[in-house]
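Hello,

Please find the structure below, followed by notes on what was found in it.

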Number of protein chains: 2
Amino acid sequence: MSTATYTVAGMTCGHCVSSVKEEVSQVAGVTAVDVDLASGRLTVTSDSPVDDALIAAAVDEAGYEVKV
Amino acid sequence: MSTATYTVAGMTCGHCVSSVKEEVSQVAGVTAVDVDLASGRLTVTSDSPVDDALIAAAVDEAGYEVKV
């Protein structure tokens, strides 16, 4: 199992959290997604490591941005 | 035709705006709903005047509050 954390910018409410969770959950191999609104912390769990670019693309698709 | 304006507190993003629009649109007699996120201004158009309490209840249902 692999866990990676990211910081997401731009989320302001629970709807934003839901959007990010929904998109990131759809990335192949992802088994769990947790988002903390206050800190912007996104935790992604997967069977094997997932390319950061795929996670960033999913966050972008939701309308937000992974801080580098 | 009747138009009434309210100020809604707590909306932070476009998702919030959509939630308010959806709930207020379902109030009987309402024909159009406009929300300005920046100001929190909610404009409700209806065929005849709608009870403010019904609008406030719909906003509450969406998870926000009409400022008095």
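**Interface and core**

Across the interface of chain A and chain B, 3 residue pairs are in polar contact, both residues at pLDDT 80 or more (a pair of N or O atoms within 3.5 Å; within protein, one must be able to donate a hydrogen and the other to accept it, and residues adjacent in sequence count only if both atoms are side-chain atoms). The rule finds 0 salt bridges there (a side-chain nitrogen of Lys or Arg within 4 Å of a carboxyl oxygen of Asp or Glu).

This is a predicted model, where local features need pLDDT of at least 70, side-chain atom pairs count only at pLDDT 80 or more, and totals for chains, interfaces and linings use all residues. Residues are numbered from 1 along each chain as its sequence is written, chains are lettered from A and ligands numbered from 1 in the order in which they are written, and side-chain values use heavy atoms, with hydrogens and water left out.

In contact (heavy atoms within 4.5 Å) are 6 residues of chain A and 6 residues of chain B. The two chains bury about 420 Å² between them, 57% of it on carbon and sulfur atoms (accessible area, 1.4 Å probe, lost on being put together, summed over both). A:Thr12, A:Cys13 and A:His15 lose the most area in chain A, together 78% of what that side buries.

Chain A can be laid on chain B with an RMSD of 0.0 Å by a turn of 180° and a shift of 0.0 Å along the axis (least squares on C-alpha atoms of residues with pLDDT of at least 70 in both). That is the relation of a two-fold axis.

Regards
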